[in-house]
Amino acid sequence: MSNKNKSNWKARVERGFESLGLSMGHHPWIWLLSCLLIVGVMSSQLPHLEQDTSIEGFLEKGSPEIQLYDHFKETFGRDEVFIITIEVDDIFNHTFTGQLHALHRHLEDEVPYVDTVDSLANARYTYGADDTLYIEELLPETLPTDPAELQALKDYVLNSDNYRNFLISPDGKMVAMLVRLDSFLHSQNAQGEWQRGYLGEKESGEAEVKIQSILDQYRGVMSDQIRLTGSMPIAMMLSKILERDFTVFSALGNLIIGILLFIIFRRWSGVFMPLLAMTLGVLVTLSLMAIFGTPMQVSTSILPAFLLAVCVGDSIHLLTMFYRNYDAGDEKIHAMAAAMGHTGLPMFFTSITTAAGLASFATSDLTLVAALGIYGALGSLIAFLLTIFILPSLIAILPIKRRPLTVESNRGLQPILAWSARVSTRHPKWIVGTGLTLLVGAVAIASQIQFSHHPLAWLPEDNEALQGIKNYEQHMGSTINFEILLDTGKDRGVINAPLLQTLDKVQQEIVTWQGEHWSITKAISVVNIIKESNRALHDNDETQYAVPDDPALISQELFLVELDEPDDILNVVDKGYQVARLTVTTPWFDAIYAQEVVEKVQAYLQAEMAPHDVVVSFTGVAPILGVTFGKMLISTAESYGIAAVIITLMMILLIGNLKLGLLSMIPSLLPILIILAGLHLAGVRLDMLTMLVGSIAIGLTVDDNIHFMHSFRRIYLKTGDPAHAVEATLLSTGRAMLITSIVLSVGFSIYTQSLMSNMVIFGITTAGCIVLALVATYLLAPALMVLANKQWHQQRPGHEQDSHDRKSSDHERA
């Protein structure tokens, strides 16, 4: 098929966009009001948009991990807690114990959604006397007055495996209180039916505010060092910071972008129209999320930033061509229609390509990645539709003054564009050689990049929550729980002496384990209660701190504890004594290594428990995060691979040439690979947020490339002169690409002012990718086209005969 036939469909599409522009120019109010009516109706659903920052929201409902975690919470309660730490010189005095009991009651009575509060005030003190087992308050409000009894209490508290490094530090200088909220939230729907849901950030936030309010009443009275920390406060604080940063910085980014647009275009219309299109694009996309019941998550919180890039980019390309035509003397509606014809097809392809690339994320097992893929793809298409329907209508309605074209022809952006055209066409081999060298080097380095998910590492060193976690771990040793369920498969199967003795051996062994990035500091199960009770029944003989061989004695000991403290028993075994709970605690470490901990402990447990036919399963926040991030790495890598294939096919279709389509992917992929290589050399690991930045990077790099390739091929097929096609493309379309890159790189740079290091990296990588994409499109893409099209031009010398006329015609159209 000839080049002329291949381009016929493109010419028809361009004429279609031009006709659409003329129609909107003649009936602008009908088009504008229709669009605004649709946007308004959809935006009415925004109040129904919910936010989900829970761990359950990471995975699809009904997934095996979530089902197991729900079962765990139904049986044992939540593993996420608020930890209150209190530092004092001496806890064994009447004043402190009275205040501790008062604070404990205060928390139980007033904190909303509270399930349990654990502290030394309600811990058990198990001892024996006269062959009788006694269970009393560990730290009563009224302490023993006898010095010997008080010393015995101190020794018991400080040496108890159940409470040391959990509710009290080994030196006795810090005590902890653990506030655990309800596992589920029960509410009535519109039909009056009761339904169960998860406690969200709203409910947890209400509890946190109340806890802080209560603690304020005790600060300075009970102790000067009272802190609130733990996994729940950290998770909520990170969520709030992310939400605030995206909201605040998106607003500031819009302001800065607006200022830059005014400086560049020197027209208020050049500011108002792109920002309006972006705002409407965000509203419609978020409205679709509300309509389909998809909550906002960490991943989808970057949608406003993503749509900022897409909407502003499309708008600038259209407006740049319109202003050039209009300032050159063309009638306004005709200038707008000509701009639509010139930019409509490449804008459509950039939107389709970006949408297709992001849609590959939709198959992910992780809901937060799938949601970004679905609504990012929809958002890019919505941005395109709003640009071609809203902007032309506004152009026709708004009074826009002409500016003399000669004012900017000899200054401003023109010299940069001309220099790029000169360099890329005169030294194509050197540029391509350098580009390929960078590509090979970047691939080699980027392939070594490592991954991470360490929220504490995102925070500045002086952050109060970070200091609270570090302070707690310094005194107590650990804050992260790995929950392990040991299912015997039969009623009262846990009451099995060999099984419990094996479990005791496992606990004593794994607390000695220490990996390169993690260590296990504590392991708690029903074994601890049995050993404590057995010692008490043997006149507090320390040599009897062990699991007895007699199952009847084990059953008796558990029965006696259950009579006095049923909650303590039900915290480590289920009601039927079929499932035992083993809690393994570690200091906070990078979640990327959680799978390593799970695999090692699981392999050891399965080997030890094999003779007892016990099913071992892991759950809790830490294992789920490890599994989640592991899945995310795989699914995101697969998605980017699929996206690259889809984008390559789209580029081949747009250009109409297999070889050129493949070559055009080099300047599209090189900026992303250079950024990844730079991150690795800087010692930065990719985390959940920085990995998702790739979705923005894909849109930006491909956007510039498509606009260049479309315009280049359009001119080249008319003139047969690749050097002229490069120059004409850069002097027309290149101007819009430069403006877009300047505006967006500065807009995203504002994220570098965040308090969180991963947000800073988000800003740097996105802005850097924008700049590198522009450089690749200005230098590498033209050089590739000159080399790839050189032989074709030499075989078609006849094209030189009318090249002057075609050049003039093309300049006129631009």
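A residue counts as buried when its relative accessible area is under 20%, as exposed when it is over 50%, and as partly exposed in between. The exercises below use this rule on a predicted model.

**Exercise 1. Decide whether Arg581 and Glu483 are buried or exposed, and say what joins them.**

Step 1. Arg581 has a relative accessibility of 5%, so it counts as buried.

Step 2. Glu483 has a relative accessibility of 0%, so it too counts as buried.

Step 3. The side chains of Glu483 and Arg581 meet in a salt bridge, with 2.9 Å from N to O. This pair links distant parts of the chain: Glu483 belongs to strand β9 (residues 480-487) and Arg581 to strand β11 (residues 579-586), 98 residues apart.

**Exercise 2. Describe the overall make-up of the protein: its elements, span, burial and surface.**

Step 1. The protein holds 27 helices and twelve strands.

Step 2. The C-alpha trace spans about 115 × 50 × 50 Å along its principal axes.

Step 3. The protein has 814 residues, and 57% of them count as buried.

Step 4. The accessible surface is about 32,800 Å², and carbon and sulfur atoms account for 58% of that surface.

Step 5. Take the contacts between residues at least 6 apart in sequence: 79% of them join residues at least 24 apart.

**Exercise 3. Find which residue forms a salt bridge with Arg714, and where the two partners lie.**

Step 1. The partner of Arg714 is Glu14, and the closest N and O atoms are 3.2 Å apart.

Step 2. Arg714 is in helix α24 (residues 688-719), while Glu14 is in helix α1 (residues 3-26), so the salt bridge ties together parts that are 700 residues apart in sequence.

Step 3. Both Arg714 and Glu14 are buried.

**Exercise 4. State how many salt bridges there are, and give further examples.**

Step 1. A salt bridge needs a side-chain nitrogen of Lys or Arg within 4 Å of a carboxyl oxygen of Asp or Glu. The count by this rule is 16.

Step 2. One of the pairs is Arg219 with Asp216, at 2.5 Å from N to O. Arg219 has 26% relative accessibility and therefore counts as partly exposed.

Step 3. Salt bridges can also form a network, as they do among Arg124, Glu532 and Asp568.

**Exercise 5. Describe how charge is placed in the protein, and look at one residue of a charged patch.**

Step 1. The protein has 54 positive and 84 negative charges, and the mean positions of the two sets are 21 Å apart.

Step 2. On the surface, a patch of negative charge is formed by Asp130, Asp131, Asp539 and Asp541.

Step 3. Asp541 sits in the loop between α18 (526-537) and α19 (551-564). Its relative accessibility is 31%, so Asp541 counts as partly exposed.

**Exercise 6. Name the residues of the nonpolar surface patch, and place Val248 within the structure.**

Step 1. Val248, Leu252, Leu255, Ile259 and Ile263 make a nonpolar surface patch of about 440 Å².

Step 2. Val248 is part of helix α7, which covers residues 231-265.

Step 3. With a relative accessible area of 38%, Val248 is partly exposed.

**Exercise 7. Work out the surroundings of Pro667: which residues are in contact with Pro667 beyond its neighbours within four places in sequence?**

Step 1. Pro667 lies in helix α23 (residues 658-681).

Step 2. Its relative accessible area is 1%, so Pro667 is buried.

Step 3. Apart from neighbours within four places in sequence, Pro667 has contacts with Asn705, Ala776, Leu780, Ala781 and Leu784.

Step 4. One of these, Asn705, is 38 residues away along the chain, yet the C-alpha atoms of Pro667 and Asn705 are separated by 7.3 Å.

**Exercise 8. Examine the backbone angle phi of Arg492 and of Tyr577, and compare how each residue is covered.**

Step 1. Most residues other than glycine have a negative phi.

Step 2. Arg492 has a positive phi, near 55°. This residue is in the loop between β9 and α17 (497-510).

Step 3. Tyr577 also has a positive phi, near 55°. Tyr577 is in the loop between α20 (566-570) and β11.

Step 4. Arg492 has a relative accessible area of 40% and so is partly exposed, whereas Tyr577, at 6%, counts as buried.

Note on methods: Residues numbered from 1 in each chain as written. Predicted model: local features only at pLDDT ≥ 70, side-chain atom pairs only at ≥ 80, totals over all residues. Heavy atoms only, no water. Patch = residues over 30% accessible without salt bridge, like charges linked within 9 Å, V, L, I, M, F, W, Y side chains within 5 Å. Areas by Shrake-Rupley, 256 points an atom, 1.4 Å probe, with all protein chains shown as cover. Helix = DSSP H or I, 4+ residues; strand = E, 2+ residues; numbered from the N terminus. Buried < 20%, exposed > 50% of the residue type's maximum accessible area, 1.4 Å probe, protein only. Contact = heavy atoms within 4.5 Å. Lys, Arg positive; Asp, Glu negative; His and termini not counted. Charge placed at Lys NZ, Arg CZ, Asp CG, Glu CD.
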